[in-house]
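This briefing is meant to be read beside the sequence and the coordinates. It begins with the chain as a whole and then turns to individual residues, grouped by topic.

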Amino acid sequence: MTTWIINHEPILRLGAFAVMFGLLAAGELLVPRRSLTASKAVRWYSNLGLVSINSLALRWGFPILAVGFASLAQERQWGLFNTIPAPTAVRVVVSVLVLDCAIYLQHVMFHTVPLLWRLHRMHHTDLDCDVTTGLRFHPLEIALSMGIKIGVVAVLGSPAVAVVLFEIMLNLTAMFNHSNIALPLPVDRIVRWALVTPDMHRVHHSVIPKETYSNFGFSVPWWDRLFGTYRAQPQEGHDGMTIGLREFRDPKYLHLFWLFIQPFLQAKNTINT
């Protein structure tokens, strides 16, 4: 089974992406959480355009990606799990959790290091949150993130199947928790104990800095609760809160060209703490 998953990684990732994107996009039309404030057409062509560009940049810019590196590490016996015996299930579960924690810490780092914040703030200049916001990352940030994941895989010796499962999980949960879907509040309260919900992550996209500096998790909420960065609700409520950054409210910054040059634009308070 694990060999099949690894051999069919591209189609599995693409299929999971397409199904989740379609379900969430439909859900946003049927049960939207908030009214959109900016042009959906502009936002979607820009955000989805980044997906294609980032995918090509990774394939062309990296001689080997995280999944391929995991297979190479196994062949050459690099990393912890390739040198000590452990059941496959343990190696997979621990690898997924460690990779997810690493992405949480990476997210915190991209908010606290000024140079990295310049790359990441493009994600926060979206004036609305929906399924496409979860795909809106600068190519340079995507490249750095891939380098971090490869580093974790190298140290841990993660099985390739664990990396495939983690990459799929990260992509699906990022789209889910950025989506503009209204979950019933009782459902949200239960789900957010195990999974980052849209209401939980939306707080992170508030213009209020103390709210932006919270709820960094993409998949599970445990790291925010463990490290003290969890915030239950925005102070203005989900209907009253403002999404984005105060420094970049002009709708022109939603266009694809401006997304690319966003790290090079000048703004006051360029670190979001």
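The model discussed here is predicted, and its chain contains 14 helices and 0 strands, so that, by the run of elements from the N terminus on, one α element follows another along the chain. The points below take up the overall dimensions, a histidine in helix 6, a serine in helix 3, two residues with positive phi, and the cysteines.

**Overall dimensions and packing**

- The chain has a radius of gyration of 18 Å, which agrees with the value near 19 Å that a compact globule of 273 residues would have.
- Taken along the principal axes, the box filled by the C-alpha atoms of the chain is roughly 55 × 45 × 35 Å.
- Of the 273 residues in the chain, 52% are buried, and the accessible surface of the chain comes to about 12,400 Å², with carbon and sulfur atoms contributing 70% of that area.
- Among contacts in the chain with a separation of 6 or more, 74% are between residues that stand 24 or more positions apart.

**H123 and its surroundings**

- H123 belongs to helix 6, which covers residues 114-124, and it counts as buried because its relative accessible area is 1%, where the cut-off for buried is under 20%.
- Two polar partners can be named for the side chain of H123: one of its polar atoms lies 3.4 Å from the backbone oxygen of T133, and a polar contact of 3.4 Å joins it to the side chain of H205.
- When neighbours within four places in sequence are left aside, the residues in contact with H123 are T133, R136, F137, H178 and H205.

**S55 in helix 3**

- S55 sits in helix 3, which spans residues 40-61, and with a relative accessibility of 38% this serine is partly exposed.
- A polar atom of the S55 side chain lies 2.9 Å from the backbone oxygen of V51.
- S55 and P139 are 84 residues apart along the chain, yet their C-alpha atoms are separated by 8.9 Å.

**Positive phi outside glycine**

- Q77, although it is not a glycine, has a positive phi of about 60 degrees; its place is in the loop between helix 4 (66-76) and helix 5 (88-112).
- N215, also not a glycine, has a positive phi of about 50 degrees, and this asparagine lies in the loop between helix 11 (209-212) and helix 12 (222-227).
- How buried or exposed are these two loop residues, Q77 and N215? Q77 is partly exposed, with a relative accessible area of 46%, whereas N215 is buried, with a relative accessibility of 0%.

**Cysteines**

- How many disulfides does a search of the whole structure find? The search finds 0 disulfides, where a pair of cysteine sulfur atoms would have to lie within 2.5 Å to be counted.
- In general, a disulfide is a covalent bond that links the sulfur atoms of two cysteines.
- C101 is buried, with a relative accessible area of 15%, and C129 likewise counts as buried, with a relative accessibility of 5%.

Key. Residues numbered from 1 in each chain as written. Predicted model: local features only at pLDDT ≥ 70, side-chain atom pairs only at ≥ 80, totals over all residues. Heavy atoms only, no water. Helix = DSSP H or I, 4+ residues; strand = E, 2+ residues; numbered from the N terminus. Buried < 20%, exposed > 50% of the residue type's maximum accessible area, 1.4 Å probe, protein only. Polar contact = N/O pair within 3.5 Å; in protein donor to acceptor, adjacent residues only side chain to side chain. Rg over C-alpha atoms; globule rule 2.2 N^0.38 Å. Contact = heavy atoms within 4.5 Å. Areas by Shrake-Rupley, 256 points an atom, 1.4 Å probe, with all protein chains shown as cover.
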